[in-house]
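Please keep the sequence and the model side by side while reading. The paragraphs that follow go from open space at the surface to enclosed space, then to ring contacts and to single residues.

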Amino acid sequence: MSNRTILHRIGHTPLIPLRSIGPANGARILLKLESENPTGSMKDRMALAMIETAEADGRLTRGGSVVEYTGGSTGVSLALVCAVKGHSLYIVSSDAFAQEKLDHMRILGARLQLVRSDSGRMTEKLTRDMVEAARVIQQETGAFWTDQLKNTDQIAAYHAMAEEIWTEAGERIDGFVQSVGTAASLRGNAEALRARNTEIEIVAVEPAESAVLSGGPAGAHKIDGIGAGFVVPLWRDGIANRIERVSTEDARAMALRLARAEGLFAGTSTGANVIAALRLAEQLGPKASIVTVMCDTGMKYLKSFGSAL
């Protein structure tokens, strides 16, 4: 037990049913509480996988440096993992993202470079500017670049998450709903769940204002962590049976409803997930079970929610 660290608390999060929010004659909706991970986010899983795989194959040496661009949650998770493992961390982020996340990264020891946004909104240009800034830091410092939009090492972490879901749901799931950031969580969970049941309905969720996966134009939105503004490299056609569009306004309203009706305080990406899960629940009927994800805790967004109250 003496060699255990906070990193051993990553994963094995609970799965609970929504009690109050759901259609009268619709499917049961189960929420995977990824907010129970150490930093309050599902990104702890992928950060640990990317770092440990790179350590194992020699791309990241003992005491080496790491660099990443991030909307916040991945950066916080990497900061936690790097703090425990003794790696220095360079983060590229932006004023478009929650101040709480930026502060959390700094507290855990990350060095931040912020890229200015268009009025605090997430856009394709912002994503590409952040990626370029991370590339420059990597060239100048020689740091290991986790490069989350392209890094396939994280997918195994979400295979493990899917196995947890399958067991916790009693080995019966009819639908899985997840919003798309890097696409790794949707892809990893979908692959492993379909290996268990090929008939599971997989639903991807994206911002209505920037619905590029479903063929719409890139646009600006304020749902942290999803909707890069272009088709991300880890996305694969056929991952999802359908793609649901949810607006920032609706996602935020559902996040507040979750807090007040269920006692579950989550971010707007979770609000988007639940809206899409409700749509699927109406279609699949009362005998079905749908799993979606509480991606992170709303404590990461207190200031932004405060402005909406």
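The residues that line the largest pocket divide into five nonpolar, five polar and six charged. This is a predicted model, and every value given here is computed from it. The largest pocket has a volume of about 250 Å³; its lining is made up of 16 residues, of which Ala96, Ala98, Lys222, Asp224 and Ser304 lie nearest its centre. The elements that give two or more residues to this lining are H3 and helix H9 (302–306), and H9 gives the most, with three residues.

Helix H3, which spans residues 99–107, has Glu100, Lys101, Leu102 and Met105 as its buried residues. Just after H3 comes Gly109, which takes a positive phi of about 105°.

From the pocket one can turn to the enclosed spaces. How many cavities of 30 Å³ or more does the model hold? The count comes to two. The largest cavity has a volume of about 460 Å³, and of the 35 residues that line it, Lys43, Gln148, Gly181, Gly225 and Ile226 are the closest to its centre. Two or more residues of this lining come from each of helix H2 (73–85), helix H4 (124–141), strand S7 (175–179) and helix H6 (184–196). By class, the lining of the largest cavity has 14 nonpolar, 17 polar and four charged residues.

The second largest cavity holds about 70 Å³ of space. Its lining includes Val180, Gly181, Glu206, Pro207 and Ser210, together with Val212, Leu213, Gly227, Ala228, Gly229, Phe230 and Val232. These lining residues divide into seven nonpolar, four polar and one charged. Gly181 is thus named in the lining of the second largest cavity and is also listed among the residues closest to the centre of the largest cavity.

Phe230, one of the residues that line the second largest cavity, also has a charged neighbour: Arg128 lies over the face of Phe230, at 4.2 Å from the ring centre.

Which two rings form an aromatic pair, and in what arrangement? The count of aromatic pairs comes to one. The rings of Tyr69 and Trp145 have their centres 6.0 Å apart and their planes at 80°, so the pair is edge-to-face, given that planes over 60 degrees apart count as such. The pair links distant parts of the chain, since Tyr69 belongs to strand S3 (residues 65–69) and Trp145 to strand S6 (residues 144–145), 76 residues apart. Both Tyr69 and Trp145 are buried.

Another buried position is found in helix H7 (residues 248–262), where Thr248 is located. With a relative accessible area of 11%, Thr248 is buried, because the cut-off for that class is under 20%. Leaving aside its neighbours within four places in sequence, Thr248 is in contact with Glu209, His221, Lys222 and Ile223. Of these partners, Lys222 has already been met as one of the residues that lie nearest the centre of the largest pocket.

The segment before strand S1 (15–17) contains Pro14, and His12 has its place in the segment before S1 as well. Is Pro14 buried, exposed or partly exposed? Pro14 is partly exposed, with a relative accessible area of 33%, a value that falls between the limit of 20% for buried and that of 50% for exposed. Pro14 and Glu168 are 154 residues apart in sequence, yet their C-alpha atoms are 7.8 Å apart in space. When neighbours within four places in sequence are left aside, Pro14 is in contact with Leu31, Lys32, Leu33, Glu36 and Glu168.

His12 is exposed, with a relative accessible area of 68%, and its phi is near 55°, a positive value in a residue other than glycine. A further positive phi in a residue other than glycine is that of Glu171, near 60°. Glu171 lies in the loop between helix H5 (155–168) and S7, and at 53% relative accessibility Glu171 counts as exposed. The strand at the end of that loop, S7, is one of the elements that give two or more residues to the lining of the largest cavity.

Technical notes:
Residues numbered from 1 in each chain as written. Predicted model: local features only at pLDDT ≥ 70, side-chain atom pairs only at ≥ 80, totals over all residues. Heavy atoms only, no water. Phe/Tyr/Trp six-rings, centres within 6.5 Å; stacked < 30°, edge-to-face > 60°. Helix = DSSP H or I, 4+ residues; strand = E, 2+ residues; numbered from the N terminus. Buried < 20%, exposed > 50% of the residue type's maximum accessible area, 1.4 Å probe, protein only. Lys NZ or Arg CZ within 6 Å of the ring centre and 35° of its normal. 1 Å grid on protein atoms, 1.4 Å probe; cavity = no way out; pocket = protein on both sides within 12 Å on 5 of 7 lines; lining within 4 Å. Points joined across faces, edges and corners; volume = space filled by probe spheres on them. Nonpolar A, V, L, I, M, F, W, Y, C, P; charged D, E, K, R; others polar. Contact = heavy atoms within 4.5 Å.
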